[in-house]
Amino acid sequence: MKIGLFIPCYIDAFYPQTGIATLELLEKLGQEAEYPMDQTCCGQPMANSGCNRDAKETEALFIRNFSKYDVIVSPSGSCVHHIRDNFDAIEQTDEVRHVRQNTYELVEFIHDVLKVREFPWAEFPHKVGLHNSCATLRALRTASMSELGEPFFSKPKTLLSAVKGISFAAPRRPDECCGFGGTYSVTEEAVSARMGLDKVTDHHDAGAEYIVSADTSCMMHQQGCAERNGVPIRFIHIAEILNGARA
């Protein structure tokens, strides 16, 4: 496979270690990935804010950067959800359809495409609370939704369970939104902040030392809520744990 590595703008700016871990992990799994140097935002913030037409040139640039690859892989469920389901500010050419149909979030790519179940180099001797973002849970379906009463499954937990030393906390409301919601956290700041505090408190009360997620955007919001309110909990992207980070 010819893999194009898509690192979202907020990861590039604030959490470069997550992008580095994603590349290193793919290489450890025997894959070769290229990082198009001209990539920028996928246009999700504009679309989420109701300014879909303004995302046209951003989406066009994304297609120019990634249409030559067999698959596109990204450590961000919300961005992948946007590309798959809402990438429609531009004409739907064959190239656009190819990109939309072959863009994967990192966890589902490892779980569903590569079908990897062992990470012999990984050890994380901590108790973690798993946060599935609304995009990964309800759009990408990487885990079961408790509100549907369906049989339990969790692709990220399946992968993390192969890591030596890790254990899992069980929050009371595991599928509840953390309140980030992109620009929602700006337009509804007070509600968003309270939802974030409720989320991190739920994980902390369950005994989690870390909150781990496939969406750094949610963790960025939760980390701010935790720090402002003195909740002693840390945050780490799933790519970093699977790549071998121990803290």
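At what angle do helix α11 and helix α12 pack, and how far apart are their axes? I opened my notebook with that one, keeping in mind that this is a predicted model.

**Entry 1: α11 and α12**

I looked up helix α11, residues 189-205, and helix α12, residues 216-228. They pack at an angle of about 85 degrees, and their axes are 8 Å apart. That makes α11 roughly perpendicular to α12, because angles of 65 to 115 degrees count as such.

Next I listed who meets whom. From α11 come Ser192, Ala193, Gly196, Leu197, Lys199 and Val200, and they meet His221, Gln222, Cys225 and Ala226 of α12. I sorted the residues of this contact by type and got five nonpolar, four polar and one charged.

**Entry 2: α2 and α7**

My second pair was helix α2 (residues 16-28) with helix α7 (residues 106-114). Here I noted an angle of about 10 degrees and axes 12 Å apart. An angle under 35 degrees counts as roughly parallel, so α2 is roughly parallel to α7.

On the α2 side the contact uses Thr22, Leu25 and Leu26, and on the α7 side it uses Leu106, Phe109 and Ile110. By type, I have five nonpolar, one polar and no charged residues in the contact of α2 with α7.

**Entry 3: a residue in each of those two helices**

I stayed with α2 for glutamate 27, which sits in that helix. Is glutamate 27 buried or exposed, or something in between? Its relative accessibility is 46%, so I wrote it down as partly exposed. I also checked a long span: glutamate 27 and glutamate 188 are 161 residues apart along the chain, and their C-alpha atoms are separated by 41 Å.

In α7 I picked histidine 111. Histidine 111 is buried, at a relative accessible area of 13%. Which residues does histidine 111 contact, once neighbours within four places in sequence are left aside? I found Arg117, Lys155, Thr158 and Leu159. For leucine 159, which is 48 residues away along the chain, the C-alpha separation from histidine 111 is 7.3 Å.

**Entry 4: tyrosine 10**

Tyrosine 10 belongs to helix α1, residues 9-14. At 13% relative accessibility, tyrosine 10 counts as buried, because the cut-off for buried is under 20%. Leaving aside neighbours within four places in sequence, I listed its contacts as Tyr15, Ser76, Cys79, Asp215, Thr216 and Ser217. I then took the C-alpha separation between tyrosine 10 and aspartate 202, which are 192 residues apart along the chain, and got 26 Å.

**Entry 5: cysteines**

How many disulfides does the structure hold? Zero is what I wrote down. A disulfide is a covalent bond between the sulfur atoms of two cysteines.

Cysteine 42 is in no disulfide, and its nearest cysteine sulfur, in cysteine 79, is 4.1 Å away. Cysteine 42 is also buried, with a relative accessible area of 1%. Why is there no bond between cysteine 134 and cysteine 177? Their sulfurs are 3.8 Å apart, which is too far for a bond, because a disulfide needs the sulfur atoms within 2.5 Å. Cysteine 134 is partly exposed, at 34% relative accessible area.

**Entry 6: positive phi values**

Most residues other than glycine have a negative phi, so I jotted down two residues with a positive one.

- Lysine 115 has a phi near 55 degrees. I placed lysine 115 in the loop between α7 and β5 (127-131), where it counts as exposed at 57% relative accessibility.
- Arginine 141 has a phi near 60 degrees. I placed arginine 141 in the loop between α8 (134-139) and α9 (155-160), and at 26% relative accessibility it counts as partly exposed.

**Entry 7: the annotated ranges**

Last, I checked the record. In an unreviewed entry, UniProt places the feature "domain: Cysteine-rich" at residues 4-84 and 128-221.

- Over residues 4-84, I noted 53% helix and 10% strand, with the end C-alpha atoms 15 Å apart.
- Over residues 128-221, I noted 41% helix and 11% strand, with the end C-alpha atoms 18 Å apart.

Terms used
Residues are numbered from 1 along each chain as its sequence is written. This is a predicted model: local features need pLDDT of at least 70, side-chain atom pairs count only at pLDDT 80 or more; totals for chains, interfaces and linings use all residues. Side-chain values use heavy atoms; hydrogens and water are left out. Axes are lines fitted to C-alpha atoms, for helices over the stretch in contact, and angles run from 0 to 180 degrees between N-to-C directions. Helices (H or I, at least four residues) and strands (E, at least two) are DSSP runs, numbered from the N terminus. Angles under 35 degrees count as roughly parallel, over 145 as roughly antiparallel, 65 to 115 as roughly perpendicular and the rest as oblique. Contact means heavy atoms within 4.5 Å. Ala, Val, Leu, Ile, Met, Phe, Trp, Tyr, Cys and Pro count as nonpolar, Asp, Glu, Lys and Arg as charged, and the others, Gly among them, as polar. Buried means under 20% relative accessible area, exposed over 50%, partly exposed in between (1.4 Å probe, protein chains only). UniProt positions are given in the numbering used here, feature names are shortened, and annotations may be inferred rather than shown by experiment.
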